[in-house]
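The following exercises concern strand pairing, nonpolar cores and internal cavities in a predicted model. Please attempt each task with the structure open before reading its solution.

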Amino acid sequence: MAQADYGRRLAETRARMAHEGLDGLLVASQYNRRYLTGFTPEDGDITESAGLALVTAERLFLITGTFSLNGIEHEIVPSGAQPLLTDKTTAGKLLAQAAQEQSIRRLGFEKDWISVGRFERLRGQVGDAVAEWVALDDIVEHVRATKDVAEVEAIRRAAAVAESAFAQLVAEIRPGMTERQVAQRLEDLMRAGASEPSFDTIVASGPGGALPHWVPSDRPIQAGEPLLIDFGARVDGYCSDITRTLVLGEPDAKLREVYAVVRAMQDAGERALREGAQRGRDVDQAARAVAEQAGYGEQYLHSLGHGVGMAVHELPALAWPRVQDPQIDAELAKVEGIEPGQIVTIEPGIYIAGWGGVRLEDLALVTPDGLELLVSRNPEQILQVG
């Protein structure tokens, strides 16, 4: 099994820090913390943190409580992180000490992952040990966008677990089962595969499928209607993300038509990636043009896809700037670059109020030669069950 390349991760993070003129970077995201240090404990929410990572030009620190590190010290050995054991009242003091020792005058912090209250407490405890705090985002996220061999292997395993569970589900599903029952069964099957769901499974039958993020209900699934299932597994900290649309029984003409358009949209997006598209907007637009030509442009409600890794939504963004605004365009340009080594979803969908939705989502690795699908190709024709 391949090992995580912590040397590359830290080197690229430090290069981005230097570009921003930072002496240090305070990492609060549980994903970025694990990515840099190997430390696996997760945070309950923004008010419950298992710790902070501090990156300097020469050192890597993990500021965490004894209860969090107890028994898992081996996790951080490969990254070379030095643990600084603390509690909520002394974290800032340890940070101040490290800042003085490492001559950190300009400290970046992840503004999207730290509450105002926590930031103010830390800044108060650190005092004048740090001269300037710089609110930043996406530094480590940009590094995470390109996967190393160990990460690709983990995502392959996560995809295999999810696909195996889905295949078992298809053999069991019948009309009359509720959306909630189907979602629970699929999640149980993934857990039986030594995994856990990477997000709350979406099972949307009939009209519910018109809402892309529908929450499964007690509605019985009926024969002949579109049934959209969005699911994924997490293995060794890495996610998969797949969507399939099927039908119990015989699909009608409308469902066949919409499915064919979505499949053509997905083909167009994947073709753009295979042909070397370098911007997410170009991949999205390739699929969007198919929807518009078929008369479904207004029913394509979201972007074409996103990166997948430790989080189910990562960089890059395969998105089209719907609002023609220079600021929005500039922000999108920062997160849409496509490079070999990234793992992305290609997930076009058409959503029709009162009727339902069709979404197809493949998981793919961008390669120097184009694209490698990490999942079995979804069927050319809509999958019929029973």
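**Exercise 1.** Identify the bridge partner of Val55 in strand S3, then describe how strand S2 is joined to its neighbours.

*Solution.*
Step 1. In S3, Val55 is partnered by Leu60.
Step 2. S3 covers residues 60–65 and runs antiparallel to S2, with four bridges joining the two strands. Three residues lie between S2 and S3, which form a hairpin.
Step 3. S2 is also joined to strand S1 (residues 24–27), again by four bridges and in an antiparallel arrangement. One pairing to locate here is that of Gly24 with Thr56 of S2.

**Exercise 2.** Determine how many residues of strand S2 are buried, and which way their side chains point.

*Solution.*
Step 1. S2 spans residues 52–56, and five of its five residues are buried. The cut-off applied is a relative accessible area under 20%.
Step 2. Leu52, Leu54 and Thr56 point one way from the strand, whereas Ala53 and Val55 point the other way.

**Exercise 3.** Locate the largest nonpolar core and state which helix gives the most to it.

*Solution.*
Step 1. The largest nonpolar core contains 60 residues, and those with the most contacts inside it are Val55, Leu186, Ile229, Phe231 and Ile343.
Step 2. Helix H7 (residues 149–172) gives the most to this core, namely 10 residues.
Step 3. With residues up to four places away in sequence left out, Leu186 touches Ala165, Phe166, Leu169, Thr201, Ile229 and Phe231.
Step 4. A second core, separate and of 29 residues, includes Leu255, Tyr300, Ile338 and Val358.

**Exercise 4.** Establish how many cavities of 30 Å³ or more the whole structure holds, and characterise the lining of each.

*Solution.*
Step 1. The search finds two such cavities.
Step 2. The volume of the largest cavity is about 90 Å³. Its lining consists of Gln30, Tyr31, Arg34, Thr40, Pro41, Glu42, Arg234, Gly237 and Met310. Helix H2 (residues 30–37) gives the most to this lining, with three residues.
Step 3. Sorted by character, the lining of the largest cavity comprises three nonpolar, three polar and three charged residues.
Step 4. The second largest cavity holds about 30 Å³ of space. Leu25, Glu110, Leu136, Asp137, Asp138, Ile139, Val140 and Glu141 line this second cavity. Helix H6 (residues 139–144) supplies the largest share of that lining, three residues.
Step 5. In the second largest cavity, the lining divides into four nonpolar and four charged residues, with no polar ones.

Terms used
Residues numbered from 1 in each chain as written. Predicted model: local features only at pLDDT ≥ 70, side-chain atom pairs only at ≥ 80, totals over all residues. Heavy atoms only, no water. Buried < 20%, exposed > 50% of the residue type's maximum accessible area, 1.4 Å probe, protein only. Pairing = 2+ DSSP bridges. Core = buried A, V, L, I, M, F, W, Y, C linked by side-chain atoms within 4.5 Å. Contact = heavy atoms within 4.5 Å. 1 Å grid on protein atoms, 1.4 Å probe; cavity = no way out; pocket = protein on both sides within 12 Å on 5 of 7 lines; lining within 4 Å. Points joined across faces, edges and corners; volume = space filled by probe spheres on them. Nonpolar A, V, L, I, M, F, W, Y, C, P; charged D, E, K, R; others polar.
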